[in-house]
Amino acid sequence: MMLGYLLARSGIDVIVLEKHADFLRDFRGDTIHPSTLELMYELGLLEEFLKRPHQKTREIRGQVGDQSVALGDFTHLPTHCKFLAFMPQWDFLNFMAEQGKRYPEFHLRMQAEAIDLIEDSGTIVGVRATTRDGPLEIRSRLTVGADGRRSIVRERAGFEVIDLGAPMDVLWMRVSRHPSDPGQTLGRAAAGKIFIMVDRDEYWQCGYVIPKGAAEETRQRGIEKFRQEIASLAPFLHDRIGELRDWNDVSLLTVKVDRLKKWFRPGLLCIGDSAHAMSPVGGVGINLAIQDAVAAANILAAKLITGNISESDLESVERRREFPTRATQKLQVAVQNRVIRRILGTSNPLKLPLLLRLLRDFPVLRRLPARVIGIGFRPEHIRTPDLHPRP
Ligand SMILES: Cc1cc2nc3c(=O)[nH]c(=O)nc-3n(C[C@H](O)[C@H](O)[C@H](O)COP(=O)(O)OP(=O)(O)OC[C@H]3O[C@@H](n4cnc5c(N)ncnc54)[C@H](O)[C@@H]3O)c2cc1C
């Protein structure tokens, strides 16, 4: 959506395909990072954007056993917004779709599912899709796979995937929120258990982290046992945990961490999770996807206007974004293996790890995680022109 918006803004005809009828799904993650807010500022959209309901988080906290620790402090970031905005991703996508309507070159086709690539002499020249009105064939100078971690585009292109593995899956659910509830503590950890809670104003979006493949075993233990485990991690939920009536109220999210060996072929580029599925660790996947889109627009927009895109242009996008992807995934995998795997595998009471003790005792250190989460490793800036500036 972001790449479509940026290209249309530069006068390039774009069709964005979305297979669903709307963006209303719970599994996307809700974080709008300071770097994305900075891009909104650069696009002149920030003020309008912040009118949408959202929660501002200036500090992220985690809880280990009964100790609550500040993990990141966003108030020193060199960005206009020194906070993480929590906004359901469907609101963000709806906002971008509405902004896109300003440009005649922006076409969003909902309920249009890409099912295959069209190839001509080794070059990808478009996609085949199914729509409510029947099959659709789109021919294009450039096709971009931005279809997430179960990308059909990457599969059809035959791209080689490097699987970095993840030791966990997540059970995802919502429980109502009361005004008297404590403030947002993103992660709560106790022996063998990790629980994530995102404040969505009227309810908590909750994630219960389980060892990879343990969903069936968790279900076998019964919903009552599951409710008790959650109430033990967040006791203030005990009066409403019955809202989880049965397993239909709990969905399984399988966690994947991988990246493509090569992100492009002639006529085709993958970005976002389609190029590199991100772990939920640190909640940075949306940031990377957006940054990929900005880099792709910066590198490719002028070429799309004047002529054809060469393989080396596509390679430039991969080169630009590969380092932040690798660095972020390296950190995520380290946290998965050294922290999450250990917590899930122990039945002993947890001690505060050294890193968290340092963050607790030296507040200045909290600026570092805030920078990695809030801005990331290679922040991008808008370099493409607006051919239809607002009056
Ligand atoms: C449990 C969990 C929690 C997470 N929490 C966070 C978080 O808090 N913050 C964060 O930054 N990241 C989080 N992430 C990671 C984040 O969700 C992704 O990295 C990010 O959404 C990637 O964006 P994307 O645009 O590349 O793909 P997606 O957000 O997956 O978007 C892909 C879009 O393409 C559509 N689509 C798919 N296939 C087709 C098709 N064939 N034709 C047409 N349309 C198609 C989909 O419907 C979807 O709208 C989380 C991940 C998990 C698993």
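**Close-up views of a predicted model**

**View 1. The second largest cavity has a lining without charge.** By class, four nonpolar residues, three polar ones and no charged ones line the second largest cavity. The model shown here, and in every other view, is a predicted one. Which residues line this second largest cavity? They are Val 284, Asn 287, Leu 288, Thr 328, Val 372, Gly 376 and Phe 377. The space inside the second largest cavity is about 40 Å³. Rolling a probe the size of a water molecule over the atoms is what shows where empty space is left.

**View 2. The largest cavity holds about 50 Å³ of space.** A search through the whole structure turns up two cavities of 30 Å³ or more. To find the largest one, look for Asn 287, Leu 288 and Gln 291, then Arg 321, Pro 324 and Thr 328. The rest of the lining of the largest cavity is Ile 375, Gly 376, Phe 377, Arg 378 and Pro 379. Asn 287, Leu 288, Thr 328, Gly 376 and Phe 377 will look familiar, since they line the largest cavity and also turn up in the lining of the second largest. Helix H8 (285-306) gives at least two residues to the lining of the largest cavity, and so does helix H9 (311-345). Sorted by class, that lining comes to five nonpolar, four polar and two charged residues.

**View 3. The second largest pocket has a volume of about 190 Å³.** Which residues sit closest to its centre? Of the 14 that line the second largest pocket, they are Pro 53, Gln 55, Pro 88, Arg 200 and Asp 201. Two elements, helix H4 (89-100) and strand S15 (193-200), give two or more residues to the lining of this pocket. S15 has the largest share of the lining, with three residues. The classes in the pocket lining work out at seven nonpolar, two polar and five charged residues.

**View 4. Helix H7 (residues 223-233) has buried residues along its run.** Which residues of H7 are buried? Starting from the low numbers, you can pick out Ile 223, Phe 226, Arg 227 and Glu 229, followed by Ile 230, Ala 231 and Leu 233. Several strands help to cover these buried residues, including strand S13 (168-176), strand S14 (187-190) and strand S16 (203-211). S15 is part of the cover of H7 as well, and S15 also turned up in the lining of the second largest pocket. Helix H6 (215-220) is another of the elements that cover the buried residues of H7.

**View 5. Phe 362 sits in a loop between two helices.** On one side of the loop is helix H10 (354-361), and on the other is helix H11 (367-374). With a relative accessible area of 45%, Phe 362 is partly exposed. Where does Thr 123 come in? Its C-alpha atom is 54 Å from that of Phe 362, and the two residues are 239 apart along the chain.

**View 6. Stepping back, the protein has 11 helices and 20 strands.** Its radius of gyration is 21 Å, close to the 21 Å that the globule rule gives for 391 residues, so the protein is as compact as a globular protein of that length. The C-alpha trace spans about 60 × 45 × 35 Å along its principal axes. Of the 391 residues, 51% are buried. Among contacts with a separation of 6 or more, 75% are between residues 24 or more positions apart. The accessible surface comes to about 18400 Å², and carbon and sulfur atoms account for 52% of that.

Conventions. Residues are numbered from 1 along each chain as its sequence is written. This is a predicted model: local features need pLDDT of at least 70, side-chain atom pairs count only at pLDDT 80 or more; totals for chains, interfaces and linings use all residues. Side-chain values use heavy atoms; hydrogens and water are left out. On a 1 Å grid over the protein atoms alone, a cavity is a set of points where a 1.4 Å probe fits but cannot get out, and a pocket is an open set with protein on both sides within 12 Å along at least five of seven lines; lining residues have an atom within 4 Å of a point. Grid points are joined across faces, edges and corners, and a volume is the space filled by probe spheres set on the points. Helices (H or I, at least four residues) and strands (E, at least two) are DSSP runs, numbered from the N terminus. Ala, Val, Leu, Ile, Met, Phe, Trp, Tyr, Cys and Pro count as nonpolar, Asp, Glu, Lys and Arg as charged, and the others, Gly among them, as polar. The radius of gyration is taken over C-alpha atoms; the globule rule is 2.2 Å times the number of residues to the power 0.38. Buried means under 20% relative accessible area, exposed over 50%, partly exposed in between (1.4 Å probe, protein chains only). Contact means heavy atoms within 4.5 Å. Accessible areas come from the Shrake-Rupley method with a 1.4 Å probe; for residues, only the protein chains shown count as cover.
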